[in-house]
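Reader: I am new to this structure and should like to be led through it by way of questions. May we begin once it is in view?

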Amino acid sequence: NKQDVYKSTLIYVDDGFNSQLDEKGSGIQSAVIIALFDYYIRNIAHTSGSLLAIEEPEIYLHPHGRRVISDRLDAYLDDNKNQVIVTTHAPEFICSPHENINLIVVKKGEDTKAYNLNFNEVKGKQILIKKQNAEMFFSDAVILVEGGDKYILESIAEKFGIEKTIKQGDQIISLGKCWLNDYNVSIINCGGKTELWKYVNILNKIDNPWLVIADFDFPKR
């Protein structure tokens, strides 16, 4: 029965060592399970909207891995046809410029309280999209920018990834919309052109490749 095929399926993943999925790390397991569930509801048992609930998908993952999982969840939403409920302690799953995020903050104490937050105003979004920059220590390459142009550059990178093709073996494939995360590239908001050198010094010390994108007045400083 195709409805029950998932109950008896053994999945092998070759990430340099070919073995069963349950022998892999949490990140690979989460990505594969989300992808399989996505395929299942689209092609086998989907009737209307579907709900996926995940508890702390960030466990044992570095920031880029967390964003890869976040990208998979975005794809699962399918333009809001489906819903995702995530319990998390990681900013990667709540830092979003989109309006369709509903954040419930739970405060534990003598009386546990839950606060329901929506971010429909510009100032609210500005608070939500601010992230810590410590992820540059986990990255394979870094692009340094002065400020809010980080979010413009991320949008440009998505369009570039869709249009750009690369050679992989004998195949020509798209670089992909999410290539920054797939290749562990971080875009860091340095908070102004006078702060750029501080990040460069640190990146040089850890031998991490970097690129600066700044306004034309930057060379004058």
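Reader: Which residues does glutamate 58 touch, not counting residues up to four places away in sequence?
Author: The model under discussion is a predicted one. Glutamate 58 belongs to the loop between strand E3 (51-55) and helix H2 (63-77). Leaving aside residues up to four places away in sequence, glutamate 58 touches Arg66, Thr87, Thr88, His89, Ala90 and Phe93.

Reader: Which side chain of opposite charge is nearest to glutamate 58, and how far away is that side chain?
Author: Glutamate 58 is buried, yet has no salt bridge. A salt bridge requires a side-chain nitrogen of Lys or Arg within 4 Å of a carboxyl oxygen of Asp or Glu. For glutamate 58, the nearest side chain of opposite charge is that of arginine 66, at 6.1 Å.

Reader: Which side chain does a polar contact of 2.9 Å join to that of glutamate 58?
Author: Glutamate 58 is without a salt bridge, but its side chain does take part in a polar contact. The contact spans 2.9 Å, and the partner is the side chain of threonine 88.

Reader: Which residues make up the largest nonpolar core?
Author: This core has 11 residues. Helix H1 (26-43), E3 and H2 each supply at least two residues of the core. Two of its residues, Ala90 and Phe93, are also touched by glutamate 58. The full list is Ile34, Tyr40, Ile41, Leu52, Ile54, Leu61, Ile69, Leu73, Tyr76, Ala90 and Phe93.

Reader: How far apart in sequence are the parts tied together by arginine 42 and aspartate 78?
Author: Arginine 42 and aspartate 78 form a salt bridge, with their closest N and O atoms 3.3 Å apart. Arginine 42 lies in helix H1, whereas aspartate 78 lies in the loop between H2 and strand E4 (83-87), so the pair ties together parts of the chain whose separation in sequence is 36 residues.

Reader: Are arginine 42 and aspartate 78 buried, partly exposed or exposed?
Author: Buried means under 20% relative accessible area, and exposed means over 50%. Arginine 42 has a relative accessible area of 40%, and aspartate 78 has 22%. Because both values fall between the two limits, arginine 42 and aspartate 78 are each partly exposed.

Reader: Is lysine 150 buried or exposed?
Author: Lysine 150 and glutamate 154 both lie in helix H4 (residues 149-163), four residues apart, about one turn of the helix. Their side chains meet in a salt bridge of 3.2 Å, N to O. Glutamate 154 is partly exposed at 24% relative accessible area. Lysine 150, with a relative accessible area of 8%, is buried.

Reader: Are lysine 159 and glutamate 163 buried or exposed?
Author: The side chains of lysine 159 and glutamate 163 meet in a salt bridge of 2.9 Å, N to O. The two residues are four apart in helix H4, or about one helical turn. With relative accessibility of 52% for lysine 159 and 55% for glutamate 163, both count as exposed.

Reader: How many salt bridges does a search of the whole structure find?
Author: The pairs just described, lysine 150 with glutamate 154 and lysine 159 with glutamate 163, are among them. So is the pair of arginine 42 and aspartate 78. The search of the whole structure finds seven.

Reader: Within what arc do the buried residues of H6 fall?
Author: In helix H6 (residues 196-205), the residues Leu196, Tyr199, Val200 and Leu203 are buried. Seen down the helix axis, these residues line one face of H6, because their directions fall within an arc of 100°.

Reader: Which exposed residues does the face of H6 turned away from its buried side carry?
Author: The buried residues of H6 have a cover that includes strand E7 (141-145), strand E10 (185-189) and strand E11 (210-213). The face turned away from that buried side carries the exposed residues Trp197 and Lys205.

Reader: Which side chain does a polar contact of 3.2 Å join to that of lysine 193?
Author: Lysine 193 is found in the loop between E10 and H6. At 15% relative accessibility, lysine 193 counts as buried. Its side chain is joined by the 3.2 Å polar contact to that of glutamate 146.

Technical notes: Residues numbered from 1 in each chain as written. Predicted model: local features only at pLDDT ≥ 70, side-chain atom pairs only at ≥ 80, totals over all residues. Heavy atoms only, no water. Buried < 20%, exposed > 50% of the residue type's maximum accessible area, 1.4 Å probe, protein only. Lys, Arg positive; Asp, Glu negative; His and termini not counted. Polar contact = N/O pair within 3.5 Å; in protein donor to acceptor, adjacent residues only side chain to side chain. Contact = heavy atoms within 4.5 Å. Core = buried A, V, L, I, M, F, W, Y, C linked by side-chain atoms within 4.5 Å. Arc of directions from axis to C-beta.
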